[in-house]
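Trainee: I should like to learn how to read the surroundings of a single strand. Could you guide me through one example?

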Amino acid sequence: RVRAYVDAISRCQPGRFVVDVGAGTGLLGIAALKRGFEHAFLIEPSRKMAVYARHLAEINGVLDRVTILESKLELLPSQSLPQHIDLVVTETMSALIFGFGSWDALPALASRTPGGCSVIPLRGKLFAALTTRNYATRNADNCGLAFLKCAGIEIDLSEHTFRSGGNVFQKETV
């Protein structure tokens, strides 16, 4: 999943502004900065995740090119973001599943991009599997984290634990 997002970002012509909706750790915005975008706006309602996103931007040397907006997209005043946005990235699957408001607000945000369609993902399918096996444990050598190191993004997520909705890390059960 992480590789697919970073590959898609890499295929975009770098521009001035990228907006990462439901940014969580800010990885997608940071990946866009590492690939030539000038500034990333990270929209993240969870205080814990916003604090970690700031930390991650700092250890990757891009904090001066990041604006963290601790808010839900649907509650964010439109003037908080640039009028013209080059790319919108989002991985707000829980918003789609549970009907949170960010999916309703994304079309207005997308209308600020060239042609109204510079959005990743532009379309997709959602699959889920119920399991009793613990798949939530992460460390620096498994899942997308090892790939991020290969992509030049410094990460120390395995040293932190978050237990907020939609951002589960080292949870006992899935």
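Mentor: Let us begin with a term: a residue is called buried when its relative accessible area is under 20%. Please keep in mind that this is a predicted model.

Trainee: Which residues of E1 are buried on one side, and which on the other?

Mentor: In a regular strand, side chains point alternately to the two faces of the sheet. Here, one side of E1 carries Phe-17, Val-19 and Val-21, the other carries Val-18 and Asp-20, and all of these are buried. Because five of the five residues in strand E1 (residues 17-21) are buried, the rest of the structure largely encloses this strand.

Trainee: In which sense do E1 and E2 pair, and over how many bridges?

Mentor: Two strands count as paired when at least two bridges are found between them. E1 and E2 (residues 39-43) have five, in the parallel sense, and Val-19 lies opposite Phe-41 of E2. Between these strands the chain passes through helix H2 (residues 27-34), forming a right-handed β-α-β crossover.

Trainee: Which residue of E4 stands opposite Asp-20?

Mentor: Val-89 of E4 does. E4 (residues 87-90) is paired with E1 in the parallel sense, over four bridges.

Trainee: Where is Ala-23 placed, and why does Ala-23 count as buried?

Mentor: Ala-23 belongs to the loop joining E1 and H2. Ala-23 counts as buried because its relative accessibility is 9%. Beyond its neighbours within four places in sequence, Ala-23 contacts Leu-42, Ile-43 and Glu-44. Thr-92 is 69 residues away from Ala-23 along the chain, yet their C-alpha atoms are 8.3 Å apart.

Note on methods
Residues numbered from 1 in each chain as written. Predicted model: local features only at pLDDT ≥ 70, side-chain atom pairs only at ≥ 80, totals over all residues. Heavy atoms only, no water. Buried < 20%, exposed > 50% of the residue type's maximum accessible area, 1.4 Å probe, protein only. Helix = DSSP H or I, 4+ residues; strand = E, 2+ residues; numbered from the N terminus. Right-handed = clockwise from strand over helix to strand, strands pointing away. Contact = heavy atoms within 4.5 Å.
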